[in-house]
Structures are given as structure tokens and as C-alpha cells.
Amino acid sequence: MASATEQISTENAPEHCPGPESQAAGQADACAGCPNQNICATAPKGPDPDIAFITQRMASVKHKILVLSGKGGVGKSSFTSQLAFALSHDEEVQVGVMDIDICGPSIPTIMGLENEQIHQSNSGWQPVFVQENLAVMSIGFMLPDKDDAVIWRGPKKNGLIKQFLRDVDWGELDYLLVDTPPGTSDEHLSVTTFLKESGIDGAVIITTPQEVALQDVRKEIDFCRKAKIPILGMVENMAGFVCPSCHGESIIFPPSTGGAAALAKELNIDLLGSIPLDPRVAKSCDMGVSFMDEHPDSPACTAYEAIIEKLLEKVG
């Protein structure tokens, strides 16, 4: 589906990788043992010609926001979905969600689009619409069975991400939210490279309070700085449990090193806010509905609204 030149640029490559555009691609000492070594060594070198097409397609998208975290299970997809639902409350605002978690796409379920399919038209792939002003694209719409495993190497993943950006008819969007998998791997490198020319407004970094999550978030922050992606701020998810009945709060994941607040201060990053753990968030995601619409009086909903307000101030 994709050639090696569809992977990453030299600038955004990890330090041990020369990058597929480099003359040393597939031949450097660091390439030994890489499954893509032969592909990189034999592929044409130079700028990816599809970048210009992607830049042209993305010219109709005003704001592009990445949702990142170094660790899985911290709530990236649930935050992305709630942000999308909240933005789309304004019928004049057009919102798109692009799910680039190729191996574990959860956005279709979370946004109530399970069993939907995408369609081809003269203008490109058509995203699936939650409502008139909220569109979604995910590999989950392409799988014959939702339980099918996606066992792909990097080049094939990168090729699909390129198609999501180049071939999907997003139309005029005010916001394109990109839900990413955990880590700093092929998918992250690809989307930042492909969007470099059209511009990325920034990244929202999701974490939970415990140190094991914060350690991985440090790597994600380092990735953003090396890739020159602006960091819009950090969100601390599952920050205590608020009882739906009595509204009493209990700390489920103790912040042994100060949590997201301490990390944000240390690394000079804005803490957009903390979202308490509410079991109804998970239930809403399972049902594919907006938690903020279903439970507007929840402390978690109040936290979401405050975070989204700060985020919108940053991106204008």
C-alpha cells in the first residue's frame, strides 16, 4: 500500500534512524536488524511528492490538534471523542476526527459508529458522520469483522495514514482532531511529517496521576519538542474518583511524585486541568454517546468544559 518514502522525514526521525530519505537509509549501522532495512535501501530518495497533495487537501482545515500520550489506557480516545462532541454542539462548527490507532481503533465504538462503512466518491473517500457537522475516519470502518487483528508493518500503516489525509474528502473543517496510539512510533512520525507543510496547531498530552504514566508522558513531550510540535497543554485524567451519589472524592491513583501538576511545572507546560474518574464516562463510551450531554451535572463534565474552554483559547 505504501513505499518507504511514505514513512518519516529525516528531521522527525528518531536519533538512531537516518530516515528513509537519507542516502544512508538501509545502509547505516543503526539499520541492522530493522525489518524495513531492504525497503529503505532500495526505495527512491528525496521529498515525498504526495506532501503537496496533502497540503492542498488540508488547506480547508483551520485547526489541527493531535491527542497524544506515551502510555495506553489513559483516556486519549475518550478525551478526543468528548472534545469532538463538545465542539460540534455549535452547529456552525465543522469537526473531523481522524483515528490513526491502526492496530486498536476504538473511536468507531466510542462515537456510536460501530458497523458503519466508508464509501468512495469522485471527490475521495467519504468519512462517516455522527451528525451533520461531525465526521470520523478510522480503519475500524474497513475491517470485515471488528475482531480482526491488524498485523501491519510500519510502511503499510504509514500508507493508510497518508490516504486518510490525502484521499478523504474532509470538506471545510474548523477542527481536525487526530486520535493517536500510545508511544512515539510510525504513526506519530508519519502524521507529523505529512502535516508539517500544512501546519499543526499543537498537541494535547493526556496522562494519569501515577508515576508509571508520567514516565511515558515525559518521552511524549520530548518527542513533541524534537518534532517541533507545539504543546497546547497537559490533561490529567482519572484524577480521583467522585461518587455520583454523594459527590465525595477518593484518590484511586495516588500521585506519588506530584502528578501532572508537578510535571507540568517542571517542564514548563500548561496544565489544562484534571478530570475526576467517573464510571459513567466509560459507560457513555461503550454506548457511543456524549458523556457531557448525558451527565451535565457531573464534576467530570465540569472539568471537561473548563479544559475545552482553555484549549479553544489557545488555538483561537
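This passage walks through the annotated sites, the salt bridges and a charged surface patch of a predicted model.

Some ground rules come before the details. Residues are counted from 1 along each chain as its sequence is written, and side-chain values rest on heavy atoms, with hydrogens and water left out. As the model is predicted, local features need a pLDDT of at least 70 and side-chain atom pairs count only at pLDDT 80 or more, while totals for chains, interfaces and linings use all residues.

Salt bridges make a good starting point. In general, side chains of opposite charge can pair when their charged atoms come close. Here the term stands for a side-chain nitrogen of Lys or Arg within 4 Å of a carboxyl oxygen of Asp or Glu, and the structure holds twelve of them. One of these joins lysine 62 to aspartate 174, with 3.3 Å between the closest N and O atoms. That pair links distant parts of the chain, 112 residues apart: lysine 62 sits in strand β1 (residues 61-68) and aspartate 174 in strand β7 (residues 173-179). Strands (E, at least two residues) and helices (H or I, at least four) are DSSP runs, numbered from the N terminus.

How covered are these residues? Buried means under 20% relative accessible area, exposed means over 50%, and partly exposed is in between (1.4 Å probe, protein chains only). Areas come from the Shrake-Rupley method with that 1.4 Å probe, and for residues only the protein chains shown count as cover. Lysine 62 counts as exposed because its relative accessibility is 58%, whereas aspartate 174 is buried at 15%.

Another salt bridge brings lysine 314 and aspartate 270 together, their closest N and O atoms being 2.4 Å apart. Lysine 314 belongs to helix α11 (residues 299-315) and aspartate 270 to the loop between α8 (259-266) and β12 (271-274), so the pair ties together parts that are 44 residues apart in sequence. Lysine 314 is partly exposed at 37%, and aspartate 270 is partly exposed at 42%.

Aspartate 278 and arginine 280 also meet through their side chains in a salt bridge (2.9 Å, N to O). Aspartate 278 is buried, with just 4% relative accessibility, while arginine 280 is partly exposed at 23%. Elsewhere, salt bridges that share partners pull Asp50, Lys162, Arg166 and Asp167 into one network.

Charge also shows up on the surface, where Asp90, Glu91, Glu92 and Glu132 form a negative patch. A patch takes residues with over 30% relative accessible area and no salt bridge, joining like charges within 9 Å and nonpolar side chains (Val, Leu, Ile, Met, Phe, Trp, Tyr) within 5 Å. Lys and Arg count as positive, Asp and Glu as negative, and His and the chain ends are not counted; a charge is placed at NZ of Lys, CZ of Arg, CG of Asp or CD of Glu. Aspartate 90 lies in the loop between α3 (76-87) and β2 (95-99) and is partly exposed at 40%.

Finally, the unreviewed UniProt entry marks a "binding site" at Gly70, Lys71, Gly72, Gly73, Val74, Gly75, Lys76 and Ser77. UniProt positions follow the numbering used here, feature names are shortened, and annotations may be inferred rather than shown by experiment. Valine 74 falls in the loop between β1 and α3 and is buried at 2%. The "binding site" annotation in the unreviewed entry also covers Cys243 and Cys246. Cysteine 243 is in the loop between β10 (241-242) and β11 (249-250), and cysteine 246 is found in the loop between β10 and β11 too. Cysteine 246 is exposed at 58%.
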